[in-house]
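Subject: Structure for your review

Dear colleague,

Please find below the structure that I am handing over to you. My findings follow it, arranged by topic.

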Amino acid sequence: MTVRKMVKIDEELCNGCGACVIPCAEGAIELVDGKARVKDETLCDGAGFCLPICPTGALSLEEREAPDFDEAKAEALMEERGETYIAQRCFRCDTGEASAPLMPVRHKGQSLWVCTRCLPALIHG
């Protein structure tokens, strides 16, 4: 066991939407009884790609003692699962990422995506 970054899921904030499951390429997150859970700490690399997709802000990173990341196990699961992808759209204008670059943003307590055309208006009002 070492001290390292791990995903922490706030059960009170989690609405069970499952949006965080696919961005976790290693397969560390699953839905259990309607809530997201880290199913195997050895699969969490602590990169945090799951964080910005959560609409309720239930995911965060914390440094704590945890088992070492098992890269071989994660690679095997990724190979078994195959390629996964979630197409995103701007929450303001509905532009897809094929038309404009998108960026993750926290807005009014939600984790959303915004295109670079809508970003200035979001920042400056």
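Does Gly 57 count as buried, exposed or partly exposed, and at what relative accessibility? Please bear in mind throughout that this is a predicted model. Gly 57 counts as partly exposed, because its relative accessibility is 27%, and the limits for that class are 20% and 50%. The residue sits in the loop that links β3 and β4. Setting aside neighbours within four places in sequence, Gly 57 is in contact with Leu 13 and Arg 106. Between Gly 57 and Gly 82 there are 27 Å from C-alpha to C-alpha, and the two are 25 residues apart in sequence.

I turn next to the strand pairing. Strand β2, residues 29–32, pairs with strand β3, residues 35–38, in the antiparallel sense, and four bridges join them. One of the bridge partners can be named at once: Ile 29 is matched with Val 38 in β3. The hairpin made by β2 and β3 has two residues between its strands, and Asp 33 adopts a positive phi near 50 degrees there.

The nonpolar cores come next. The largest nonpolar core has 18 residues, and those touching the most other members are Val 7, Ile 9, Cys 20, Ile 29, Ala 36, Cys 50 and Leu 59. Strands β1 (2–9) and β4 (59–66) each contribute at least two residues to this core. The greatest contribution comes from β1, which gives three residues. Val 7 touches Val 38, Cys 44, Cys 50, Leu 51, Leu 59, Ser 60 and Leu 61, when residues up to four places away in sequence are not counted. Another core lies apart from this one; it has nine residues, including Val 105, Leu 112, Val 114 and Cys 118. As a general matter, nonpolar side chains in soluble globular proteins tend to be buried together.

Finally, there are the cysteines. A search of the whole structure for disulfides finds zero. Why does Cys 14 form no bond with Cys 20? The sulfur of Cys 20 is the closest cysteine sulfur to that of Cys 14, yet the two are 6.3 Å apart and therefore too far for a bond, since a disulfide requires sulfur atoms within 2.5 Å. The same reasoning applies to Cys 24, because its closest cysteine sulfur, in Cys 50, is 6.1 Å away and too far for a bond. Cys 14 is buried, with a relative accessible area of 9%, and Cys 24 also counts as buried, at 8% relative accessibility.

With kind regards

Key
Residues numbered from 1 in each chain as written. Predicted model: local features only at pLDDT ≥ 70, side-chain atom pairs only at ≥ 80, totals over all residues. Heavy atoms only, no water. Buried < 20%, exposed > 50% of the residue type's maximum accessible area, 1.4 Å probe, protein only. Pairing = 2+ DSSP bridges. Core = buried A, V, L, I, M, F, W, Y, C linked by side-chain atoms within 4.5 Å. Contact = heavy atoms within 4.5 Å.
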